[in-house]
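User: Hey, I've just opened this one and I'm new to it. Can you walk me through it?

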Amino acid sequence: MSRLSVMLSGLRLENPIIPASGTFGFGYEFSSWYDINILGSIALKSTTKTERFGNLSPRIAECRNGMLNAIGLQNPGVDAVILQELPKLNKVFSKKIIASVAGFSPEEYVYVAEKFDAVDQVGILEINLSCPNVKENGVTFASCTKTVFSVCQEIKKKTSKPVYIKLSPNVSDIVEMAICAKNGGADGLTLCNTLLGTVIDTKTGRPVVSTKVAGFSGPAIKPVALKNVYQVSKEINIPIIASGGICDADDVIEFLSAGATATEVGSQNLVNPFVCKEIIEELPRKMEEYGIKDLKDIIGRSHYVQ
Amino acid sequence: MRERCLCSVKYNEPIAKDIFKLVIETSVNLQQIPGQFINIKIDNFYLRRPFSICDCLEKSIIIVYKVVGRGTKRLSETTRAQQLDIICGLGNGFDMDALSDKSEVVLIGGGMGAAPLYFLAKSLKESGVSFETVLGFTDSKQAFFLDEFSRFSAIHVSSLDGKIGTKGLVTDSLRDISYNYYFSCGPLPMLKSVHRFKAAPGQLLLEERMGCGFGACMSCSFKTINKSKRICVDGPVIYSSEVDFSE
Ligand SMILES: Cc1cc2nc3c(=O)[nH]c(=O)nc-3n(C[C@H](O)[C@H](O)[C@H](O)COP(=O)(O)OP(=O)(O)OC[C@H]3O[C@@H](n4cnc5c(N)ncnc54)[C@H](O)[C@@H]3O)c2cc1C
Ligand SMILES: Cc1cc2nc3c(=O)[nH]c(=O)nc-3n(C[C@H](O)[C@H](O)[C@H](O)COP(=O)(O)O)c2cc1C
Ligand code: FES
């Protein structure tokens, strides 16, 4: 199966399919659907220093070809994740996982990242920068060039595993943000988190989700995510994990062609719990159809094919 | 049994105002528990829609649904022989083992909450448990399954418009009934007043907007007295002793 394998900063994935953070629980929930060992890796729910309940309900809404969520980083806290969730996952998934680090201050990011850095099961630290920085009036970390650079640098100083910065698409210049992450020492990038959107109840006139504005994801956002991967990979050469609207093997081939090395499947897991398995099974057939010998050959090809 | 399957529509017709009965059939045996739900993929809608199992025969599932929005409108237009992609066997279901010989049981349903109670009533009857049923409807034109329920137990019906049964709320009917265990399902304000009405042990079936229905997304979190639960996997049935309606 090495035709499907890809490398992320020294970590070899059997295939580029990774369930995205927040859409796959802590992984083991899916082992009753299928043998999850077929996955390339798994990105866990973003984890903070202490337990969080998250936002009030409704936390979710729907739109054409997509959805909105405002879960509010509900998670049991980093110690509980390491002591309770990871051992449960270890029983059903033997590969390295991607730990998603979140926080509301630079110190919290470093704290959580250091804890995960010490865990053998963790292969990559994915830093979810789409959180509000309480010290800077709640401006999200991902929307400020200074904090992207400094949080990245601080985490790199204290950890040894590859650090991937998950950027937000809600910025005016994604390439500038990506360069800041790279200059801060990021080993790779995850592009991107959710867009922002809202849905209004036509009967009452009120926004549906409790936070009014929420994270917009699903097939509807794919062209935006694809553009971000395309633009960033053109300018800088660190590995990119793509995220945004991925639903089938064609989407994966598209994102790899745009310059991604691996792909995270998010919202589609909620609608079709088998989607990652189906993509992994479909990929060889699609490669055959398009005459692709090895997935590694197509990474970034959109930048040079005639 | 939790499973994703393609089912064919056998029946999908109105049985009351804006209320439809849908019968779907699969090729496999579907063992479901009362209180569990299915998640239906409706054409042109991204997220699935959850519906309680109203009855389950060997290879068919019946749900009763109300047209409230675009998804249920579309579902009501589904015709016989069309295929539906469903995930079944979701949620914990009612715990019938919680009952003892001394239990005086009442089922309390409001509006669409009657749907899951029908499957429960049938199962309790089959296990020889005797009980009474209290059903309340805001609009009497939306009452359904009254004859069906009365095959299993005595029923007490109330409606807000007073056109069927007694005029009033389900809690008005509860005054005349002696019970020490209840199963309840209905709109949240009704569940709150049932919970407040008598400090008896019981089980409540809760609803929340769902992303997945199987524990992956945390859309459906609900705070119980000591921890947060996901309604889709740790519920939708919650013991009355765990419920915290104070907020
Ligand atoms: C466990 C459970 C069991 C249910 N059982 C039944 C049943 O037996 N019969 C029945 O008529 N209805 C039932 N419901 C409610 C039913 O799911 C909603 O009425 C339906 O999803 C509305 O879809 P819509 O597209 O018509 O409405 P819209 O308002 O257009 O839907 C928009 C979004 O909100 C969600 N939504 C809207 N109302 C609800 C609600 N009350 N609960 C959960 N999600 C909602 C929809 O799923 C969709 O994602 C149940 C809900 C849950 C959670
Ligand atoms: C319900 C839900 C919860 C999410 N939670 C997180 C999270 O905790 N951390 C994170 O980095 N991204 C989170 N995301 C974003 C996804 O990981 C993904 O980047 C995004 O949804 C875009 O991909 P998609 O279109 O395939 O869903 C969440 C998305 C959804 C739908
Ligand atoms: S609906 Fe996704 S966890 Fe309950």
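User: Which domains of chain B does the shell around ligand 1 draw at least three residues from?

Analyst: Domain 1 (3-90) and domain 2 (96-207) of chain B each give at least three residues to that shell. Keep in mind that this is a predicted model.

User: OK. How many residues surround ligand 1, and which are the closest?

Analyst: Ligand 1 has 19 residues around it, and the closest are B:Arg49, B:Pro50, B:Gly71, B:Thr72 and B:Arg209.

User: What does the mix look like by class for the shell around ligand 1?

Analyst: It has 9 nonpolar, 4 polar and 6 charged residues.

User: And which polar atoms lie by ligand 1's oxygen and nitrogen atoms?

Analyst: I can give you three pairs. At B:Thr72, a polar side-chain atom sits 2.5 Å from an oxygen atom of ligand 1. With B:Pro50 the backbone is involved: one of its polar backbone atoms is 2.6 Å from an oxygen atom of the ligand. Then there's B:Glu207, where a polar side-chain atom lies 3.1 Å from a nitrogen atom of ligand 1.

User: How much of ligand 1's accessible area does the protein cover?

Analyst: On its own, ligand 1 has 830 Å² of accessible area, and the protein covers 85% of that.

User: Which elements give two or more residues to the shell around ligand 1?

Analyst: Those are β4 (49-52), β6 (60-66) and α1 (70-76), which belong to chain B. The largest share comes from β4(B), with 4 residues.

User: Switching to ligand 2. Where does it lie?

Analyst: Ligand 2 is between chains A and B. There are 25 residues around it, and the ones that come nearest are A:Ser21, A:Ser46, A:Ser243, A:Gly245 and A:Ser267.

User: Which polar atoms of chain A lie by ligand 2's oxygen and nitrogen atoms?

Analyst: Again, here are three pairs. A polar side-chain atom of A:Ser46 is 2.6 Å from a nitrogen atom of ligand 2. A:Gly245 uses a polar backbone atom, 2.6 Å from an oxygen atom of the ligand. For A:Lys45, a polar side-chain atom lies 2.9 Å from an oxygen atom of ligand 2.

User: How much of ligand 2 does the protein cover?

Analyst: The protein covers 97% of the 600 Å² of accessible area that ligand 2 has on its own.

User: New topic: cavities. How many of 30 Å³ or more does the structure hold?

Analyst: Just 1. The volume of the largest cavity is about 50 Å³.

User: Which residues line the largest cavity?

Analyst: From chain A, the lining has A:Gly22, A:Gly25, A:Phe26, A:Glu29, A:Lys45 and A:Gln74. From chain B, it has B:Gly215, B:Ala216, B:Cys217, B:Met218 and B:Arg230. By class, that lining divides into 4 nonpolar, 4 polar and 3 charged residues. You've already met A:Lys45, whose side chain has a polar atom 2.9 Å from an oxygen atom of ligand 2.

User: What about pockets? How much space lies in the second largest one?

Analyst: About 1000 Å³. It is lined by 50 residues, and closest to the pocket's centre are A:Asn69, A:Ser130, A:Asn193, A:Thr194 and A:Gly215.

User: Which elements supply at least two residues of that lining?

Analyst: In chain A, β5 (66-69), β12 (195-197), β13 (214-217) and α7 (268-271) each do. β13(A) gives the most, with 3 residues. The classes in this lining are 20 nonpolar, 26 polar and 4 charged.

User: Last thing: the backbone. Where are the cis peptide bonds you've got listed?

Analyst: One joins A:Ser57 and A:Pro58, with omega about -5°. A:Pro58 sits in the loop between β3 (17-19) and β4 (60-63) of chain A. Another joins B:Gly235 and B:Pro236, with omega about 5°. B:Pro236 is in the loop between β15 (228-230) and β16 (237-239) of chain B.

User: And what is the phi of A:Leu73?

Analyst: It's positive, about 55°, although A:Leu73 is not a glycine. That residue lies in the loop between β5 and α1 (78-92) of chain A.

User: Why bring these up?

Analyst: Because most residues other than glycine have a negative phi, and most peptide bonds are trans.

Definitions and conventions
Residues are numbered from 1 along each chain as its sequence is written. Chains are lettered from A and ligands numbered from 1 in the order in which they are written. This is a predicted model: local features need pLDDT of at least 70, side-chain atom pairs count only at pLDDT 80 or more; totals for chains, interfaces and linings use all residues. Side-chain values use heavy atoms; hydrogens and water are left out. A residue is near a molecule or strand if one of its heavy atoms lies within 4 Å of it. A polar contact is a pair of N or O atoms within 3.5 Å; within protein, one must be able to donate a hydrogen and the other to accept it, and residues adjacent in sequence count only if both atoms are side-chain atoms. Accessible areas come from the Shrake-Rupley method with a 1.4 Å probe; for residues, only the protein chains shown count as cover. Ala, Val, Leu, Ile, Met, Phe, Trp, Tyr, Cys and Pro count as nonpolar, Asp, Glu, Lys and Arg as charged, and the others, Gly among them, as polar. Domain bounds come from an automatic or database domain assignment. On a 1 Å grid over the protein atoms alone, a cavity is a set of points where a 1.4 Å probe fits but cannot get out, and a pocket is an open set with protein on both sides within 12 Å along at least five of seven lines; lining residues have an atom within 4 Å of a point. Grid points are joined across faces, edges and corners, and a volume is the space filled by probe spheres set on the points.
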